[in-house]
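Open the structure in your viewer and keep the selection panel at hand. The stops below say what to select next and what is there.

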Amino acid sequence: MRIELEKRPERSKLFSILSPFIALGLTLIVGAILFLALGKNPAEAMFYFFIDPLLVGWSLHELAIKATPLILIAVGLSVCFRSNNWNIGAEGQFVMGAIAGSIIPVMFHGWESPLVLPLMMISGAIGGALYATIPALLKAKFNTNEILTSLMLVYVAQLFLDWLVRGPWRNPEGFNFPETRNFNASAILPEILDGGRAHWGLIFAIVAALATWFMMRSTLKGFEISVLGQSARAGRFAGFSATKMVFFAFIFSGAMAGLAGIAEVSGAIGQLRPVISPGYGFTAIIVAFLGRLNPLGIVAAGLVLALTYLGGEAAQISIGVSDKVARLFQGALLFFVLACDTLIHYRIRLRSTVKVANVTAAPVQSSAPVEAR
C-alpha cells in the first residue's frame with residue numbers, strides 16, 4: 001500500500017474560509033497536551049498565554065509594536081508567494097533595511113531635521129529591496145533555487161550587523177558595549193498615543209496592507225501576479241514576463257521587510273544592536289499563510305502571532321515554562337495551516353502495489369499436420 005495525494009476537482013469554499021480557525025484550534029489542542037506533559041495546568045497556561053497580555057494597557061502597546069514588523073513583512077511575502085517566488089530570507093532583508101536606514105542617524109548624528117525620518121524610511125526600504133535583488137538575480141539569470149540563496153543571505157546580513165556594531169559603528173561613549181549611538185529625537189518614530197510605546201510603524205503596516213490589497217484586487221499588476229503564480233505558461237500567452245515578475249516580487253517583499261527593519265529600530269529600539277529581531281522574518285511566513293496570502297487577513301494574523309510572543313513571555317514569568325514554547329506554538333500553527341490547505345486541495349488515496357511475476361511461457365507444440373512444401 002502507498003499513500004497518494006489526488007487533486008480535488010473542486011475545493012470546498014467553506015473549508016477554505018474555516019481553515020485558519022481549524023489550524024488555530026488544533027494548535028491549541030497540541031499546546032494543551034504540551035503543558036500537560038510539562039506538568040502545568042493547561043487552562044492556567046492558556047490564560048497566561050492568550051488572555052493575560054490583553055488585560056493591561058501597556059501590553060496592548062507592546063502587541064502593536066510586535067505586530068508591526070510581522071504585518072509589513074508578511075504583506076510583502078504574500079505578493080512573492082502568490083507569484084510563485086519563495087522568498088525565505090525576509091529576516092536578512094529586515095536586518096539590511098535597518099542598517100541602511102540607520103546610516104543617517106549613526107553617521108550624521110548631530111543632524112536634526114524634519115527630513116531625517118522620511119529619508120531613513122526610504123533608505124530602509126531601498127536597503128531591503130537591494131538585498132532581495134540578489135536571490136532574484138540568481139534565480140532569473142542562473143535558475144538558482146531562491147529558497148536556499150535567500151535563506152543563506154540571512155546569516156550574511158546578521159554577521160554584517162554584528163561586525164558593524166562591534167566595529168566601525170560602535171558607540172564611542174558606550175563603555176565598549178556592542179551598540180551604536182542612541183538615535184537623536186529627529187530619528188525616532190513618534191508614538192501614536194501619548195503614554196504608550198506603539199509608534200507610527202503600525203500605521204505604515206496598515207496602509208501597506210490596504211494598498212497591497214487594492215493592487216492585488218483592482219490593478220493589472222495584481223492580475224499579472226495571480227496569473228503567473230498559477231501558471232507561468234498561461235502568463236506567457238498573456239504577454240507577461242516571468243523574469244520581470246521574479247524581480248518585482250523580490251524587490252517588493254524586500255522593500256516591505258526593509259521598511260519593517262528601520263521602523264523597528266527607529267520606533268522600538270532607538271539604536272542598532274547585534275540582535276534586533278526575535279525572528280520576525282521567519283514568523284512572518286506563518287502570518288502570510290495564516291492570513292491566506294490576503295493583505296487584510298494578514299493584519300489579523302499578525303496580531304495573533306504577535307500575541308504568541310507576548311504570551312510566551314508572560315507564561316515564562318508566571319508559570320516558569322521555557323521561552324521556546326512560543327516558537328513551538330508558531331511552528332505547530334504553520335504545520336496545521338499547511339496541512340489543512342493540503343487537505344482542502346487534495347484528497348488522500350491508498351493505492352495497492354501488486355507485483356506482476358515474470359512468467360516465461362513454454363513453447364506450445366501443435367498437433368496439426370505440417371504441410372509439405
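## The largest pocket

The largest pocket has a lining of 26 residues, and Arg11, Arg82, Arg292, Leu293 and His345 are the ones nearest its centre. Select these five to begin; the model they belong to is a predicted one. Next, colour helices α1, α3, α8 (201–218), α9 (220–230) and α14 (324–345), the elements that each give two or more residues to this lining. Helix α14 provides the largest share, 4 residues. The space in the pocket comes to about 1100 Å³.

## A pair within α9

Stay with helix α9 and select Lys221 and Glu224, which both lie in it, 3 residues apart, or about one turn of the helix. Their side chains form a salt bridge with an N to O distance of 3.3 Å. Is Glu224 buried or exposed? Glu224 is buried, because its relative accessible area is 11% and the limit for buried is under 20%. Lys221, at 29%, is partly exposed.

## The two strands

Now select Glu6 and Arg347, whose side chains meet in a salt bridge at 3.3 Å, N to O. Glu6 belongs to strand β1 (residues 2–7) and Arg347 to strand β2 (residues 346–351), so this pair ties together parts of the chain 341 residues apart in sequence. Add Arg349, which also forms a salt bridge with Glu6, with the closest N and O atoms 3.6 Å apart. This second pair again links distant parts of the chain, with Arg349 in strand β2 and Glu6 in strand β1, 343 residues apart.

The accessibility values for the three residues are as follows:

- Glu6 is partly exposed, at 26% relative accessibility.
- Arg347 is partly exposed, with a relative accessible area of 24%.
- Arg349 is partly exposed, with a relative accessible area of 35%.

The count of salt bridges in the model comes to 9.

## The enclosed space

How many cavities of 30 Å³ or more does the structure hold? It holds 1. The volume of the largest cavity is about 50 Å³. To see its walls, select Leu24, Thr27, Leu28, Phe50, Val304, Leu305, Thr308, Phe329, Gln330 and Leu333. Helices α1, α13 and α14 each supply at least two residues of this lining.

## Val287 and Gly291

Leu305, one of the cavity-lining residues, is also a contact of Val287. Select Val287, in helix α12. Val287 is buried, with a relative accessible area of 0%. Beyond its neighbours within four places in sequence, Val287 is in contact with Leu70, Ala74, Ile298, Ala301, Gly302 and Leu305. For Val287 and Gly302, which are 15 residues apart in sequence, the C-alpha to C-alpha distance is 5.6 Å.

Move on to Gly291, in the loop between α12 (280–290) and α13 (295–318). Gly291 is buried too, with a relative accessible area of 5%. Not counting residues up to four places away in sequence, Gly291 touches Gly297, Ile298 and Ala301. Show Ile71 as well: Gly291 and Ile71 are 220 residues apart in sequence, with their C-alpha atoms 10.0 Å apart.

## The nonpolar patch and Leu54

Switch to a surface view and select Leu14, Phe15, Ile17, Leu18, Phe21, Ile22, Leu26, Ile29 and Ile33, which make a nonpolar surface patch of about 870 Å². Leu18 sits in helix α1 (residues 13–37) and is partly exposed at 34% relative accessibility.

Leu54 is the next selection, in the loop between α2 (42–51) and α3 (57–82). At 38% relative accessibility, Leu54 is partly exposed. Leaving aside neighbours within four places in sequence, Leu54 is in contact with Leu60, Leu63 and Leu307. A distance label between the C-alpha atoms of Leu54 and Ile22 should read 22 Å; the two residues are 32 apart along the chain.

## Two asparagines

Which phi does Asn84 have? Asn84 has a positive phi of about 65°, although it is not a glycine. Asn84 lies in the loop between α3 and α4 (90–101) and is partly exposed at 41% relative accessibility.

Finish at Asn143, in the loop between α6 (116–142) and α7 (146–166). Asn143, also not a glycine, has a positive phi of about 55°. At 68% relative accessibility, Asn143 counts as exposed.

Definitions and conventions:
Residues are numbered from 1 along each chain as its sequence is written. This is a predicted model: local features need pLDDT of at least 70, side-chain atom pairs count only at pLDDT 80 or more; totals for chains, interfaces and linings use all residues. Side-chain values use heavy atoms; hydrogens and water are left out. Patches are made of residues with over 30% relative accessible area and no salt bridge: like charges are joined within 9 Å, nonpolar side chains (Val, Leu, Ile, Met, Phe, Trp, Tyr) within 5 Å. Accessible areas come from the Shrake-Rupley method with a 1.4 Å probe; for residues, only the protein chains shown count as cover. A salt bridge is a side-chain nitrogen of Lys or Arg within 4 Å of a carboxyl oxygen of Asp or Glu. Buried means under 20% relative accessible area, exposed over 50%, partly exposed in between (1.4 Å probe, protein chains only). Contact means heavy atoms within 4.5 Å. On a 1 Å grid over the protein atoms alone, a cavity is a set of points where a 1.4 Å probe fits but cannot get out, and a pocket is an open set with protein on both sides within 12 Å along at least five of seven lines; lining residues have an atom within 4 Å of a point. Grid points are joined across faces, edges and corners, and a volume is the space filled by probe spheres set on the points.
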